[in-house]
Amino acid sequence: MRLPAFLLARRLAPLRRIPFRFAWRGHRFLARPADEAAIQEVLLEQEYAAAARLVAAAPDRPVVIDAGANIGLFAMVMLAARPDARVHSLEPGAATFALLEANARANPAFAWRAHRLAVWRAAGPVAFGAMDASTSSRIDELAPGGRVEMVEAVTLGGFAAQHAPGPIFLVKLDVEGAEEAVLASSEAVLDRVQHLLLEIHPPRADEARVMAILSAHFPTSRTSRDGARRSPWCSPAACRSRTSRNERHARAHVGRAPSVAAAMLGVTVAVRIWNAVVYDLRHQHDMQVHIGYLRDLAGDTCRRRTTRPGTTC
């Protein structure tokens, strides 16, 4: 009964770092209760479905760089869409990287390389704050906190020169406020990136400055704003507490192939701004839908993807 154990562990701080085994579309991975936000966003809510369609439609064997890879779920989704893709996943946190590396090794059919590196404005050692919620870890200089680890940093341009010297089909940049510094220090490499997925984290990064950098290298943009979101795994009271936070982010997609991007997204640049880090699910049966799917990931007996109000999976 891995799912009940997982749900219990996420409520007990000493157990939040224990890895559990899951499978998604036949691909095995490890995840901790501390990684619940990543599971929710990438697998349950399928935030990167449009990116997966772009990668699947790439004319040549695509190269993907995933900076701020966490435990590797984004890479797994891209590789499921395009098994011949070459993916580089960069993650600086020691414990999170250990799971990323294990997940890459658990799927040996893929050309998936894990690198314990931070992406930053300059190469060299940098202090990194590993937070209890793995998706909130960041360069310590941006917002001190967490367990500070010294890690090796690279610039995006420097990493690309060494590991992806040719055209880069997709870069995903989710570096918790370092995006302005990363882009400003590596503008030249953007000219050979076809698609960029970006999360902006004001006030650690200047949204206007980031968009100015992007506009110099990519043709069009669109901005939309979403409301607070809350987790399907929290009680109503806990969800209300969590959605009271007002951390703003911006999600961006920028691209160079109008015919492909227009078909998939309507424009070649799309920016999405939202106001919290968790989803807003207003009804109990919505929670049951997602719990049912999580049971499927965990390999438990429940396989139902949808439920009705008042029913259980």
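## Contacts of Arg82

Two residues are said to be in contact when heavy atoms of each lie within 4.5 Å. In this predicted model, that definition can be applied to Arg82. Setting aside the neighbours within four places in sequence, Arg82 is in contact with Val55, Ala56, Ala57, Ala58, Pro59, Asp60, Arg61 and Pro62. One of these residues, Ala56, also takes part in a polar contact: the side chain of Arg82 reaches the backbone oxygen of Ala56 at 3.5 Å.

Arg82 itself belongs to the loop between helix 4 (73-81) and strand 4 (86-90). Is this residue buried or exposed? Its relative accessibility is 12%, and a residue is classed as buried under 20%. Arg82 therefore counts as buried.

## Aromatic pairs

How many aromatic pairs does the structure hold? There are two. One of them joins Phe22 and Phe29 in a stacked arrangement, with 5.5 Å from centre to centre and 15° between the planes. Both partners are placed by their accessibility: Phe22 is buried because its relative accessible area is 5%, and Phe29 counts as buried because its relative accessibility is 2%.

Another aromatic pair is formed by Tyr48 and Phe74, and its geometry is edge-to-face. Here the ring centres are 4.8 Å apart and the planes meet at 80°. This pair links distant parts of the chain, since its members are 26 residues apart. Tyr48 lies in the loop between helix 2 (36-44) and helix 3 (49-56), whereas Phe74 lies in helix 4. Tyr48 has a relative accessible area of 10% and is therefore buried; Phe74, with a value of 2%, is buried as well.

## A charge over the ring of Phe74

Phe74 has a further partner besides Tyr48. Which residue places its charged end over the ring of Phe74? It is Lys172, whose charged end sits 5.2 Å from the centre of that ring.

## The cavity

The structure holds one cavity of 30 Å³ or more. The volume of the largest cavity is about 110 Å³. Its lining is made up of 14 residues, and those closest to the centre are Arg32, Ala95, Thr96, Met131 and Arg147.

Which elements give two or more residues to this lining? They are helix 5 (94-105) and strand 9 (147-154). Helix 5 supplies the largest share, namely three residues.

Note on methods: Residues are numbered from 1 along each chain as its sequence is written. This is a predicted model: local features need pLDDT of at least 70, side-chain atom pairs count only at pLDDT 80 or more; totals for chains, interfaces and linings use all residues. Side-chain values use heavy atoms; hydrogens and water are left out. Helices (H or I, at least four residues) and strands (E, at least two) are DSSP runs, numbered from the N terminus. Buried means under 20% relative accessible area, exposed over 50%, partly exposed in between (1.4 Å probe, protein chains only). A polar contact is a pair of N or O atoms within 3.5 Å; within protein, one must be able to donate a hydrogen and the other to accept it, and residues adjacent in sequence count only if both atoms are side-chain atoms. Rings of Phe, Tyr and Trp (its six-membered ring) pair if their centres lie within 6.5 Å; planes under 30 degrees apart count as stacked, over 60 as edge-to-face and the rest as tilted. A charge sits over a ring if NZ of Lys or CZ of Arg is within 6 Å of the ring centre and within 35 degrees of the ring normal. On a 1 Å grid over the protein atoms alone, a cavity is a set of points where a 1.4 Å probe fits but cannot get out, and a pocket is an open set with protein on both sides within 12 Å along at least five of seven lines; lining residues have an atom within 4 Å of a point. Grid points are joined across faces, edges and corners, and a volume is the space filled by probe spheres set on the points.
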